[in-house]
Amino acid sequence: MGSGIPVAIFKVDAEPAVELPLLRSTQGSTCLDIRSLGATSGCFAYDSGYGSTACCRSRISTVDAESGDVLYRGYPVEQLAEQCDYLEVAYLLRSGELPDLRQRASFAAAIGRQAALHEQMVKLYEGFRRDARPMAVMVGVVGALSAFDHAAGEFNAPEQRQLRFEQVIARLPTIVAMAYKYSIGQPFMKPRRDLSYAANFLYMLFATPREEYVPNPVLVRAVDRMLTLHADCGLDAASATVRMAGSSGANPYACLSAGIACLSGKALGGSGEACLAMLAGIGDAARAGELVARARELPAGARLPGFGGGVCGAEDPRLPVMRETCHEVLRETGLADGRFGRLVRAIEGVALEDRVLAERRLQPDTEFYCTVAQHALGVPSSMFACTQAMARAAGWMAHWEEMLTDPEYRIARPRQLYTGPLRRPLAASPAG
């Protein structure tokens with residue numbers, strides 16, 4: 001204790017007391033350093049779901065529910081969404097600083113050069129059923145990228161990691177758009193070098209060879225904001241999955257595929273699809289009150305998809321930006337005064353004014369507005385998680401590189417609390 005490092009002292013049964021150093025974060029909770037716990041006490045910590053365990057040090061982003069902060073490298077996410085584009089934010093997540101004009105131009109040019117996929121990957125898409133879930137297609141295609149890049153496992157040098165980062169950010173929109181085009185039987189549209197990142201994504205989604213397609217600048221900006229708001233989320237299950245897969249030295253495409261597979265779960269990327277299904281079930285503004293009936297039926301602590309969630313709940317700083325963006329999209333697409341737009345406004349009114357929903361903190365969250373905006377853009381609900389994975393690629397790759405360059409980096413080896421049978425002999429078989 002003479003070192004001046006603050007410690008916490010624990011005693012287990014009759015064993016000698018154990019001193020555990022306290023690690024201070026720049027924002028958020030203090031951590032107990034339990035790395036020596038097993039060696040000094042013979043015990044390990046049990047924390048199902050890792051809700052009270054930090055597995056790494058990170059400088060990338062933080063989600064602080066108490067203060068209502070979501071910060072990317074210290075910058076408030078809502079300010080980044082308003083003042084920067086997604087490529088600038090992707091650069092920030094990896095490098096720690098926003099790019100200057102020269103760096104921004106160089107990065108955008110590198111993304112443009114890397115956006116196209118190998119022509120043989122078209123055959124890979126053709127191996128899937130037409131009705132395959134787009135997220136399942138993404139898991140397979142992203143994982144297969146290393147089969148077309150024999151240098152994918154080489155990432156010891158900074159320039160190699162930078163190249164992998166650029167390739168992933170460049171190719172995810174192409175992969176997502178191709179999954180959509182394949183599902184509806186339309187020809188793939190190759191990326192264009194003359195369009196911005198978000199505009200190129202809309203072009204590859206909705207353009208056809210039969211007619212000219214000019215991306216709407218209002219909708220392009222909306223997509224850019226959505227990507228920025230979802231670019232990282234601290235260390236959630238998907239980011240932790242990417243880090244854990246990467247701890248073995250797996251190539252970045254395999255790590256990214258693992259993160260996409262995690263995001264495909266209903267508790268993460270599937271919530272937007274469930275939210276739209278609920279809205280479709282209500283169907284009309286006149287039936288918006290049914291939301292209250294559904295809320296009354298919920299068990300304590302449960303929530304409706306798209307309501308009361310978000311990384312900081314009602315204090316989610318992304319919410320005002322996403323709400324404004326959603327209504328801009330509804331107006332620009334001509335849906336604001338139609339049946340769907342009226343339903344959205346009616347749901348908002350009920351959720352914000354009803355006492356039951358207020359008590360249960362079931363107000364529309366960021367996911368609700370992102371769901372509505374994507375539906376208004378024409379993105380099918382089965383693709384919602386795909387666009388979220390595309391946004392998260394920047395954060396995932398930043399986490400992957402940060403883990404590799406961490407001097408404390410080693411292969412992940414979580415412990416288990418074994419509750420199976422004790423050692424027992426194998427009885428002789430009746431035939432023996």
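In the predicted model, three strands form an open sheet with the order S4-S5-S6 and antiparallel pairing. Strand S4 (61-64) and strand S6 (75-76) are its edge strands, each pairing on one side only. S4 and S5 run antiparallel and are joined by four bridges. Within this pair, serine 61 stands opposite tyrosine 72 in S5. On the other side, strand S5 (residues 69-72) pairs with S6, also in the antiparallel sense, over two bridges. Here leucine 71 stands opposite proline 76 in S6, and tyrosine 72 stands opposite tyrosine 75 in S6. Tyrosine 72 thus has a partner in each neighbouring strand, with serine 61 facing it from one and tyrosine 75 from the other.

Both hairpins of this sheet contain a residue with positive phi. The hairpin of S4 and S5 has four residues between the strands, and glycine 68 in this hairpin adopts a positive phi near 70°. The hairpin of S5 and S6 has two residues between the strands, and there arginine 73 adopts a positive phi near 50°. Most residues other than glycine have a negative phi. Two further departures from this tendency occur in loops. Tyrosine 50, which is not a glycine, has a positive phi of about 55°; this residue is found in the loop between helix H1 (37-41) and S4. Arginine 361 likewise has a positive phi, near 55°, and lies in the loop between helix H16 (355-359) and H17.

The helix that follows this second loop, H17, packs against H9. The two helices meet at an angle of about 145°, and their axes are 11 Å apart. The crossing of H9 with H17 is left-handed. From H9, the residues in contact are Leu219, Val223 and Met226, while H17 contributes Cys370, Ala373, Gln374 and Leu377. By class, six of the residues in this contact are nonpolar and one is polar, with no charged residues.

Some residues of this helix contact also belong to the surroundings of an enclosed space. Across the whole structure, a search finds two cavities of 30 Å³ or more. The largest cavity has a volume of about 180 Å³. Its lining consists of 18 residues, of which Met226, Cys370, Gln374, Thr387 and Gln388 lie nearest the centre. Met226 of H9, together with Cys370 and Gln374 of H17, takes part in the contact of the two helices. Four helices each supply at least two residues of the lining of the largest cavity, namely helix H8 (197-206), helix H9 (217-229), helix H17 (366-377) and helix H18 (384-404). The largest share comes from H18, with five residues. Eleven residues of this lining are nonpolar, six are polar and one is charged.

The second largest cavity holds about 40 Å³ of space. Its lining is made up of Arg129, Ala132, Arg133, Pro134, Val137, Ala179, Tyr182 and Ser183. Helix H6 (134-144) and helix H7 (158-184) each provide at least two of the lining residues, and H7 gives the most, with three. In terms of class, the lining of the second largest cavity comprises five nonpolar residues, one polar residue and two charged residues.

Among the open spaces, the second largest pocket has a volume of about 400 Å³. This pocket is lined by 27 residues, and those nearest its centre are Ile111, Gly112, Leu195, Ser196 and Tyr197. Helix H3 (86-95), helix H4 (101-114), H7, H8 and H9 each supply at least two residues of the lining. H4 provides the largest share, six residues. The lining of the second largest pocket has 16 nonpolar, four polar and seven charged residues.

Several helices contribute to more than one of these spaces. H8 and H9 each supply at least two residues to the lining of the largest cavity, and both also supply at least two to the lining of the second largest pocket. H7 supplies at least two residues to the lining of the second largest cavity and likewise to that of the second largest pocket.

Conventions. Residues are numbered from 1 along each chain as its sequence is written. This is a predicted model: local features need pLDDT of at least 70, side-chain atom pairs count only at pLDDT 80 or more; totals for chains, interfaces and linings use all residues. Side-chain values use heavy atoms; hydrogens and water are left out. On a 1 Å grid over the protein atoms alone, a cavity is a set of points where a 1.4 Å probe fits but cannot get out, and a pocket is an open set with protein on both sides within 12 Å along at least five of seven lines; lining residues have an atom within 4 Å of a point. Grid points are joined across faces, edges and corners, and a volume is the space filled by probe spheres set on the points. Ala, Val, Leu, Ile, Met, Phe, Trp, Tyr, Cys and Pro count as nonpolar, Asp, Glu, Lys and Arg as charged, and the others, Gly among them, as polar. Axes are lines fitted to C-alpha atoms, for helices over the stretch in contact, and angles run from 0 to 180 degrees between N-to-C directions. A crossing is left-handed if the near helix is turned anticlockwise from the far one by less than a right angle, and right-handed if clockwise. Contact means heavy atoms within 4.5 Å. Two strands pair if DSSP finds at least two bridges between them.
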